[in-house]
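This report covers the aromatic contacts, one histidine and one strand of a protein chain. The sequence and the structure are shown first.

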Amino acid sequence: MNKLFYIIILFTLCSQHKVYAQFSSYSKYSNEESVAYQVEDLSSEEIKTYNSFVNGENGLSNEIALFIINAGRAHTNLQCAPATIIDFHLKPEITEEDSIPEALGACDVFIELINTTPKVIKEITFEFEFENNGTKVYDIKTGDQYCILKFRNLKGRTNSDKYSEIRKTIFDCYHVLSFPDASYKKLFYNKKANTIRLHSCLIKYNDGTTSNKVSIFDNGYSGTDKIFNDGPLKPLLDLMKKLKEEGKI
């Protein structure tokens with residue numbers, strides 16, 4: 001009985017967390033660095049840097065100094081993370097209210113992507129497939145099984161370790177990709193689709209290298225974790241949230 005119980009629990013967890021055997025997974029627990037809210041939370045080297053910021057010729061405020069250092073921590077997370085982290089979302093049917101007339105009636109797919117490399121993604125191609133409560137469904141116009149989307153020129157992180165450069169560019173690696181942004185799209189029509197799965201992904205970089213590896217963000221047991229807030233950028237965003245709550249930004 002106990003063995004059966006654990007099998008049921010394991011199956012439930014796998015169903016809720018979108019298991020993709022061919023792709024890796026990334027969650028907030030994968031982050032190398034966490035937020036530092038106060039100077040007392042900093043490492044030895046970070047304290048020296050903090051003091052140079054606040055006591056320098058153009059002394060910075062405590063908040064700005066912590067902002068820059070947490071941007072550095074987010075940058076470290078990007079350096080340690082898989083090259084491409086994505087999350088994707090499905091709305092079963094585009095309506096007139098969505099203001100995408102060329103895709104009216106199609107499944108609405110949008111993707112959040114973090115390019116953790118210093119290279120520009122010249123082109124990335126996604127193939128998505130769909131299910132309805134565990135049963136595969138097909139495009140009602142063609143009978144095909146995939147939605148295909150291509151996007152171009154997606155920046156990554158800076159290749160510099162200088163705080164001044166990291167501060168200016170830290171958010172450049174994050175992209176929200178939707179139909180209007182696609183350089184190519186093969187739409188998918190089936191309003192009964194309620195689950196989306198990534199079938200394949202091909203990445204071409206501006207230096208001529210390619211990859212088919214991608215890491216899918218794990219939204220957590222309750223599904224509330226987000227790639228932007230809880231991914232590699234989390235240290236900086238946690239600090240910004242706290243400063244906003246305190247009315248300091």
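## Aromatic rings, a histidine and a strand

The charged end of K119 is placed over the ring of Y205, at 4.1 Å from the ring centre. A second arrangement of this kind involves K150, whose charged end sits over the ring of Y184 at 5.6 Å from its centre. The model is a predicted one.

| Charged residue | Ring | Distance to ring centre |
|---|---|---|
| K119 | Y205 | 4.1 Å |
| K150 | Y184 | 5.6 Å |

Rings also pair with each other, and the structure holds 7 aromatic pairs. One of them joins F130 and F188: the ring centres are 4.2 Å apart and the planes meet at 25°, which is under the 30 degrees that limits stacking, so the pair counts as stacked. F130 belongs to strand β4 (residues 121-132), while F188 is in the loop between β8 (184-186) and β9 (195-205); the pair therefore ties together parts that are 58 residues apart in sequence. With a relative accessibility of 1%, F130 is buried. F188 is buried as well, its relative accessible area being 0%.

Y174 and F228 make up a tilted aromatic pair, with 4.6 Å from centre to centre and 45° between the planes. Because Y174 lies in strand β7 (residues 174-177) and F228 in helix α5 (residues 227-230), this pair links parts that are 54 residues apart in sequence. F228 has a relative accessible area of 24% and is partly exposed; the cut-off for buried is under 20%.

A single aromatic cluster is formed by F88, F126, F128 and F151.

Next comes the histidine. H75 is part of helix α3 (residues 62-80). Its relative accessibility is 2%, so H75 counts as buried. Apart from neighbours within four places in sequence, the residues in contact with H75 are R157, T158, S160, D161, I166 and I170.

The last element is strand β3, which spans residues 108-115 and is mostly covered, with 7 of its 8 residues buried. Strand β3 pairs with β2 (residues 84-91) in the antiparallel sense over 8 bridges. Within this pairing, I86 stands opposite L113 of β3. Strand β3 is also joined to β7 by 4 bridges, and these two strands run antiparallel. Here I111 has L177 of β7 as its bridge partner. Strand β7 is also the strand that holds Y174, of the tilted pair with F228.

Conventions: Residues are numbered from 1 along each chain as its sequence is written. This is a predicted model: local features need pLDDT of at least 70, side-chain atom pairs count only at pLDDT 80 or more; totals for chains, interfaces and linings use all residues. Side-chain values use heavy atoms; hydrogens and water are left out. Rings of Phe, Tyr and Trp (its six-membered ring) pair if their centres lie within 6.5 Å; planes under 30 degrees apart count as stacked, over 60 as edge-to-face and the rest as tilted. Buried means under 20% relative accessible area, exposed over 50%, partly exposed in between (1.4 Å probe, protein chains only). A charge sits over a ring if NZ of Lys or CZ of Arg is within 6 Å of the ring centre and within 35 degrees of the ring normal. Contact means heavy atoms within 4.5 Å. Two strands pair if DSSP finds at least two bridges between them.
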